[in-house]
Amino acid sequence: MQAMSRRSVRAALTVAAISAVTLLGTATGALACTTDDGRGHPIQGQVDKCEDVQQRGETLTPDNFTTELNGDKTRLKIVGLNEGVTVSAIVVNGGDDGHNLYYIGGKNELKLANLPWENLRAPFNFNGSQPKVGKWFACGTKTTKPTETQAPPTTTTKPTEGTPTKTAKPTPTTEAPTSSASPTTTSAPAVIPAGNNANGGGLASTGFDNSWLIWVGALLLLAGGGLLALLKFRRKA
């Protein structure tokens, strides 16, 4: 019985020791996520969206802001917001394992005032040093103005005052000279084609009858023939 009671006591002590070590480790880990910024809420673990810190709204990336970092990049300064951006919280990650949650306005005891928001930083490292600013984001809303080109521009044909209406200019007439400019040939005699004369062909008719020339030629041939015959007869004689 005594041996069993001793074993029970030892087992209980072992369990108690293990539990104490576990609780001490948890407490040490919780105490390790601290900050010297009284406006921030240091929380263990690093996050990347608003749902992780139970904040409503859209996760806004740094390109929605105008920011500056100090020389060793351990401090973040937000000097401006893009048009249409409203912010309810800012989350700054960094260090071994933690992030600082900053509230903007509202009823929270720890909050940021109006811009600029300066010296935003992450919780301390486990060794107590200040880490560089890691990934950071904001929670809020972003609206865009409707572009002016959504409404189609109205076009009117009414001329503006003082501006003469444009009329189609008459094109300069560069017409070629009409046929009346060319010389007329009304006085020239009509040319009678060959073969259409009154004599049925040959030369054109002049009104002169040349049939007597045929008779004269025939008489001359007869006379010449007679003359030759006479000469031959005389030679023979």
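These exercises work through strands, cores and single residues in a predicted model.

**Exercise 1. Place strand β5 among its partners.**

Task: find which strands pair with β5, and in what sense.

Solution.
- Start with β8. It pairs with β5 in the antiparallel sense, over 7 bridges.
- Locate a pair of residues there. Val 87 stands opposite Gly 140 in β8.
- Turn to β6. The pairing with β5 is again antiparallel, and it runs over 5 bridges.
- Locate a pair here too. Val 91 has Leu 101 of β6 as its bridge partner.
- Look at the link. The β5–β6 hairpin has 4 residues between the strands. Gly 95 takes a positive phi near 80 degrees in this hairpin.
- Check the cover. Of the 9 residues of β5, 7 are buried.

**Exercise 2. Trace the nonpolar cores.**

Task: state which strand gives the most residues to the largest nonpolar core.

Solution.
- Take the core itself. It has 17 residues. Those touching the most other members are Ile 78, Val 87, Ile 90, Val 92, Trp 117, Leu 120 and Trp 136.
- Sort by strand. At least two residues each come from β4 (76–81), β5 (85–93), β7 (117–120) and β8 (136–142).
- Pick the main contributor. β5 gives the most, with 4 residues.
- Note the other core. A second, separate core of 9 residues includes Ala 89, Val 91, Phe 137 and Cys 139.
- Follow one member of the largest core. Beyond four places in sequence, the contacts of Leu 120 include Ile 78, Ile 90 and Val 92. Tyr 102 and Val 133 are also among them.
- Keep the general trend in mind. Nonpolar side chains tend to be buried together in soluble globular proteins.

**Exercise 3. Classify Asn 100 and Glu 58.**

Task: decide whether Asn 100 is buried or exposed, and do likewise for Glu 58.

Solution.
- Place Asn 100. It sits in strand β6 (residues 98–103).
- Read its area. The relative accessible area of Asn 100 is 0%, so this residue is buried.
- Find a polar partner. A polar atom of the Asn 100 side chain lies 2.9 Å from the backbone oxygen of Arg 121.
- List some surroundings. Beyond four places in sequence, Asn 100 contacts residues including Thr 35, His 41, Val 91 and Pro 123.
- Place Glu 58. It belongs to strand β2 (residues 58–60).
- Read its area. At 36% relative accessible area, Glu 58 is partly exposed.
- List its contacts. Beyond four places in sequence, Glu 58 touches Cys 50, Ala 138, Cys 139, Gly 140 and Lys 142.
- Add a distance. The C-alpha atoms of Glu 58 and Val 87 are separated by 9.3 Å. These residues are 29 apart along the chain.

Notes:
Residues are numbered from 1 along each chain as its sequence is written. This is a predicted model: local features need pLDDT of at least 70, side-chain atom pairs count only at pLDDT 80 or more; totals for chains, interfaces and linings use all residues. Side-chain values use heavy atoms; hydrogens and water are left out. Buried means under 20% relative accessible area, exposed over 50%, partly exposed in between (1.4 Å probe, protein chains only). A polar contact is a pair of N or O atoms within 3.5 Å; within protein, one must be able to donate a hydrogen and the other to accept it, and residues adjacent in sequence count only if both atoms are side-chain atoms. Contact means heavy atoms within 4.5 Å. A nonpolar core is a set of buried Ala, Val, Leu, Ile, Met, Phe, Trp, Tyr and Cys residues joined through side-chain atoms within 4.5 Å. Two strands pair if DSSP finds at least two bridges between them.
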